[in-house]
Amino acid sequence: MRSELLTLGLALAAVCHGQAPRKAEASLLLLSGGEYIADHGYLDASGKVRAVDISPDLLSERIAYSGPARFEIRPLEGPRSKRDDGPPLAWYDLPAGPGPHRLILLVNPRPGSPGISAVNDEPGALPYGSIRFLNLCPYPVELAGERNRFSVKARGSTVVRPDVKDGQYFDLDVITQDGEPRTVFHIRHFHMVDARTLCFIEPDGPEGQARIKSVEERAIKAPIPKNVTRPPKESGDEPQR
């Protein structure tokens with residue numbers, strides 16, 4: 001009898017352990033893949049929905065997330081605003097392993113889909129002074145510049161570092177490879193070494209047509225504390241007249 005109780009206890013412990021939700025830590029930026037998503041937020045570890053702007057034009061404030069591995073977007077109020085009150089608007093299963101994982105989450109809710117895809121934002125994945133092109137088309141895309149050409153496979157991405165100086169323009173033609181090559185867009189990018197850009201190439205109709213959407217993020221420069229005295233300029237630092 002004692003042996004049977006011990007076996008039952010171990011089995012129950014295993015079941016409970018299997019049902020325990022996996023935890024994850026992540027540093028996240030959110031971006032809408034469609035319209036502005038108002039009156040929504042993300043579900044935190046306590047079951048509270050924390051408001052966040054999910055804009056199609058700007059990356060959100062950085063979120064230091066620690067909680068269930070399934071990151072959920074829910075309305076701020078209403079029957080689906082808390083855990084176990086119906087399906088969320090969109091969700092993403094964060095990676096396993098030690099965190100925090102750095103990701104940019106593209107939120108694009110649609111029926112039958114989790115509605116969130118992720119872009120790697122680990123150090124070096126999208127450094128300032130570069131452009132990451134994400135090809136969302138079901139066919140390859142070529143990026144043709146004056147001196148360089150870059151190929152991006154279907155559903156793939158590549159990082160491009162403009163070969164011009166800070167404050168100069170960088171030009172690329174976007175050529176879709178859906179049957180006959182088609183130049184669908186010309187990009188004229190103003191290069192800034194303290195900015196990084198996400199550029200989405202999305203299908204737009206038949207025969208290799210596409211549209212372009214770009215989002216830029218500038219580096220945050222630390223302000224000079226008010227109690228710090230600037231050193232006097234030397235004569236050699238004055239601008240030439």
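I'll go through the salt bridges in this predicted model, then one arginine in a loop.

The count comes to 14 salt bridges. Let me take three pairs and the network.

Start with Asp44 and Arg50. Their closest N and O atoms are 2.7 Å apart. Is Asp44 buried or exposed? Asp44 has a relative accessible area of 9%, so it is buried. Its partner Arg50 is at 38%, which makes Arg50 partly exposed.

Next, Asp93 and Arg70, where the closest N and O atoms of the salt bridge are 2.8 Å apart. This pair links distant parts of the chain: Asp93 sits in strand 6, residues 90-93, and Arg70 in strand 5, residues 70-75, with the two positions 23 residues apart in sequence numbering. Asp93 is partly exposed at 39% relative accessibility, and Arg70 is partly exposed at 38%.

The third pair is Asp204 with Arg211, a salt bridge with closest N and O atoms 3.3 Å apart. Asp204 comes out at 37% relative accessibility, so partly exposed. Arg211, at 39%, is also partly exposed. Then there is the network: Arg62, Arg102, Asp121, Arg196 and Glu217 are joined into one by salt bridges that share partners.

Now the loop. Arg155 lies between strand 11 (149-152) and strand 12 (157-160). Its relative accessibility is 62%, so Arg155 counts as exposed. Which residues does Arg155 contact, leaving aside neighbours within four places in sequence? They are Asn135, Leu136, Cys137 and Pro138. For Asn135, the C-alpha to C-alpha distance to Arg155 is 5.2 Å, with the two residues 20 apart in sequence.

Terms used:
Residues are numbered from 1 along each chain as its sequence is written. This is a predicted model: local features need pLDDT of at least 70, side-chain atom pairs count only at pLDDT 80 or more; totals for chains, interfaces and linings use all residues. Side-chain values use heavy atoms; hydrogens and water are left out. Helices (H or I, at least four residues) and strands (E, at least two) are DSSP runs, numbered from the N terminus. Buried means under 20% relative accessible area, exposed over 50%, partly exposed in between (1.4 Å probe, protein chains only). Contact means heavy atoms within 4.5 Å. A salt bridge is a side-chain nitrogen of Lys or Arg within 4 Å of a carboxyl oxygen of Asp or Glu.
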